[in-house]
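Trainee: Could you take me through one part of this model, slowly and closely? I would like to see how its strands pair up, and then what lies further along the chain.

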Amino acid sequence: MNSVKTKGIILSETPFQESSKILNILTEDYGLIGVLSKGCKTMKSKLRSLSNKMIYAEFVLSYKENKLSILTDGEILDSYKSIYTDFKKASYSFYIIDLVNQVLKENNNKNIFNLLQDTLNKIDNNYSCELLTSIIEIKLLQYLGVEIDTNNLEEYNLNTKTINIINLFNNIEISTITKLELEDINLYKELNNFIINYYDNYTGIYLKNKNKLINL
């Protein structure tokens, strides 16, 4: 195995034996990889704080391509404290992470790392988690091979303002956002329903938990 350093975000964690975990980490350099964190559940383990869902860190790994790598060390770069202490932010963020995990099963594209990191950063900095969720949902469609044809949105009988929002969200760079607001709840509901139906019809990924988030 090669010893490598890579930045990554932990998407999920699974208990392994008594004191260890298997982590799914979306990395900047290798896409989604499986990593064994040995002994991380013990109180004295140096890997304990590094081995939790939604931690963004620089990981030191004994890396083996297409097989389980081993976590040996690392440095936390962001633990998204404002997300973890806010139920609404946390709910939307975990929903986004789970959606990204599903998309990566179809396309393990390294560019998705930046997309997820930028989204979590904006949520952590108090931008609208509802609208950021809609933006990343729209942007992830390109990795599923079913990007929205924004030239033919009229066929969905949408409000003109909703069509404009979809066009904007499809093209905007999340990292460049400085203001994000949508005061008309009816427009948001139409946008959300469009995205849910689009995923249902074209992706095979069902956003079954999305409607529960709206009432938070």
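Mentor: Start with Leu 36, which stands opposite Ile 70 in strand β5. Please keep in mind that this is a predicted model. Leu 36 sits in a strand of its own: β3 covers residues 31-37, β5 covers residues 69-78, and the two run parallel, joined by 2 bridges.

Now look at the other partner of β5. Strand β4, residues 56-63, pairs with β5 in the antiparallel sense, over 7 bridges. You can follow one of these pairings by eye: Val 60 has Asp 73 in β5 as its bridge partner. The two strands make a hairpin, with 5 residues between β4 and β5. In that turn, have a look at Asn 66, whose phi is positive, about 65°.

Further along come two helices. Helix α3 (residues 111-124) packs with helix α4 (residues 129-140) at an angle of about 170°, and their axes are 10 Å apart. Because of that angle, α3 is roughly antiparallel to α4. On the α3 side, the residues in contact include Ile 112, Leu 115 and Leu 116, while the α4 side includes Cys 129, Leu 132 and Ile 136. Sorted by class, the contact between α3 and α4 has 8 nonpolar, 1 polar and 2 charged residues.

Cys 129 deserves a second glance. This residue is buried, since its relative accessible area is 6% and the cut-off for buried is under 20%. Cys 40 is buried as well, with a relative accessible area of 2%. As for disulfides, the structure holds 0.

Methods. Residues are numbered from 1 along each chain as its sequence is written. This is a predicted model: local features need pLDDT of at least 70, side-chain atom pairs count only at pLDDT 80 or more; totals for chains, interfaces and linings use all residues. Side-chain values use heavy atoms; hydrogens and water are left out. Two strands pair if DSSP finds at least two bridges between them. Helices (H or I, at least four residues) and strands (E, at least two) are DSSP runs, numbered from the N terminus. Axes are lines fitted to C-alpha atoms, for helices over the stretch in contact, and angles run from 0 to 180 degrees between N-to-C directions. Angles under 35 degrees count as roughly parallel, over 145 as roughly antiparallel, 65 to 115 as roughly perpendicular and the rest as oblique. Contact means heavy atoms within 4.5 Å. Ala, Val, Leu, Ile, Met, Phe, Trp, Tyr, Cys and Pro count as nonpolar, Asp, Glu, Lys and Arg as charged, and the others, Gly among them, as polar. A disulfide is a pair of cysteine sulfur atoms within 2.5 Å. Buried means under 20% relative accessible area, exposed over 50%, partly exposed in between (1.4 Å probe, protein chains only).
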